[in-house]
Amino acid sequence: MGKFLFFLLACSMLFGAAISYEEYSQFLSLDSISVQTGAPEAESLFWKNLGPAELRYWPIFFFKSADLKKKMESEAPLVFSLRRENVSDFFVELEPLQPWLRLRWKEKDFFLSRDGRIWESDHPLNSKFPGIRSPSIPPFLLSEALPSPAVVPGEGIVVTSTVLPVSLFAEWVSGLETSGWMSHTREVEISRREGNYLLRLNLNNRDRTVRILIRGDQARWKEISSAVSQILHQLQFSGGDLIIDTTYTDRIIVRNVAGGGQEGSGR
C-alpha cells in the first residue's frame, strides 16, 4: 500500500511539473489556424464548433479534427479538409459541397453528391455558400413506392448519406452520355418492377415526347441507343408520342402512349 501511494505521489509531482513547464514554455499551444473559404457563413460555423481546449492546445485540436470534420460536414453542405503546416500550425479549407444530381421524391427535392451525401435542394444554407447550384444533368424522379433517398436526419443535421446505390446512378449517367440522349432528356423516372430498377427516360424528340423504358440493372446502353435511333428515324414522320420498351430480352416494343400492356414488364 505504501509503494502504491508513493507511486501516485510521484506521478502527481511529475504531472504537476509538466503542467507548470507547459504553462511557462507553452510548447503545446496552438500557434495558428488559417481558414480558407469563400463563404463567411462557413468560417463562422467553423469557429463556433471550436471549444477553448481546441483553441488552446494543438494536440487536442489535432486529435479532435476528425470529429470536427464529421460534425461540420453534417451540419452544412461543406467539404472540410485539414493540412498541418508544422507542429502547431494548421490550414483549414472549407469548400461548398457540389451537387451532382437532383432527385425528387414525394414533392421534395434533394441534391446528391458523387460520394453519396444528400441534402435538401431548398435548404437556406445553399444560397449562402457560393458554387452550390442545380446540376445540368436531368433530374431523377423517384417513385413514391421507393424509400426516402436520405437517411432520416437527427436534430441539427442537414447533410446525410443516401440509401440509394450511387454506383448505379453513375452507370445511368454514363449511359445517358454515351447514348447521346443527355441533352434531349427532360427527366428520368425510377421505379422498381419485379425487384429490379426500371428507368423511364422522357425525351423531347422534335415536337413530340418519347418515353424509353430501360432495365436499370441490365442497361445495354450502346445496343439500345443504336436500335432506338433506327426506330426514331423510321418513325420520324409519324405523329403522336411514343413509348419504346427495351426491357424485353429478345425484342423492343414500340407503341403510342395510349397503348395497353404493363410498361417495363420485360416479358
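Phe63 sits out in the open in this predicted model: its relative accessible area comes to 66%, so it counts as exposed. Phe62 is partly exposed, at 31% relative accessibility. The two rings pair up with their centres 5.5 Å apart, and since their planes meet at 70 degrees, the arrangement is edge-to-face. Ring pairs also tie Phe61 and Phe90 to Phe62 and Phe63, giving a cluster of these four residues. Phe62 has a charged companion as well: the charged end of Arg84 sits over its ring, 4.7 Å from the centre. In total, the structure holds 10 aromatic pairs.

Another of these pairs involves Trp172 and Tyr197. Their ring centres are 5.8 Å apart and the planes stand at 70 degrees, so this pair, too, is edge-to-face. It links distant parts of the chain, with Trp172 in helix α5 (residues 166-179) and Tyr197 in strand β10 (residues 196-205), 25 residues apart. Are these two residues buried or exposed? Trp172 is buried, with a relative accessible area of 2%, and Tyr197 is buried with a value of 17%. For Tyr197 the cut-off matters, because a residue is called buried when its relative accessible area is under 20%. A charge turns up here as well: the charged end of Arg192 sits over the Tyr197 ring, 4.3 Å from its centre.

Turning to the strands, three of them make an open sheet in the order β1-β3-β2, with mixed pairing. The edges are taken by β1 (32-36) and β2 (78-84); each has a single partner strand, so one side of each is left without a neighbour in the sheet. On average, neighbouring strands in this sheet are turned by 20 degrees against each other, if direction is ignored. Strand β3 (residues 89-96) pairs with β1 in the parallel sense over 5 bridges, and Ser32 is found opposite Asp89 of β3.

Helices pack on this sheet. Helix α2 (residues 40-48) lies across β1, β2 and β3 and runs at about 150 degrees to β1. Helix α4 (residues 58-75) likewise touches β1, β2 and β3, and its direction makes about 165 degrees with that of β2.

Further along come two hairpins that share β5. Strand β4 (residues 101-105) and β5 run antiparallel, joined by 5 bridges, with Phe110 in β5 as the bridge partner of Leu103. This hairpin has 2 residues between its strands, and Lys106 takes a positive phi near 50 degrees. On the other side of the story, β5 runs antiparallel to strand β6 (residues 117-120) through 3 bridges, where Leu112 has Ile118 of β6 as its bridge partner. The hairpin of β5 and β6 has 4 residues between the strands, and Gly116 in the turn shows a positive phi of about 90 degrees. Strand β5 itself (residues 108-112) is mostly covered, as 4 of its 5 residues are buried.

How far can the model be trusted? The chain averages a pLDDT of 84, and 84% of the residues score at least 70. Over residues 6-11, however, the pLDDT is below 50, and this stretch has 0 contacts beyond near neighbours in sequence. Residues 13-19 also have a pLDDT below 50, again with 0 contacts beyond near neighbours in sequence. Where pLDDT is low, the predicted coordinates should not be read in detail.

Technical notes:
Residues are numbered from 1 along each chain as its sequence is written. This is a predicted model: local features need pLDDT of at least 70, side-chain atom pairs count only at pLDDT 80 or more; totals for chains, interfaces and linings use all residues. Side-chain values use heavy atoms; hydrogens and water are left out. Rings of Phe, Tyr and Trp (its six-membered ring) pair if their centres lie within 6.5 Å; planes under 30 degrees apart count as stacked, over 60 as edge-to-face and the rest as tilted. Buried means under 20% relative accessible area, exposed over 50%, partly exposed in between (1.4 Å probe, protein chains only). A charge sits over a ring if NZ of Lys or CZ of Arg is within 6 Å of the ring centre and within 35 degrees of the ring normal. Two strands pair if DSSP finds at least two bridges between them. Axes are lines fitted to C-alpha atoms, for helices over the stretch in contact, and angles run from 0 to 180 degrees between N-to-C directions. Contact means heavy atoms within 4.5 Å. pLDDT is the predictor's confidence in each residue, from 0 to 100.
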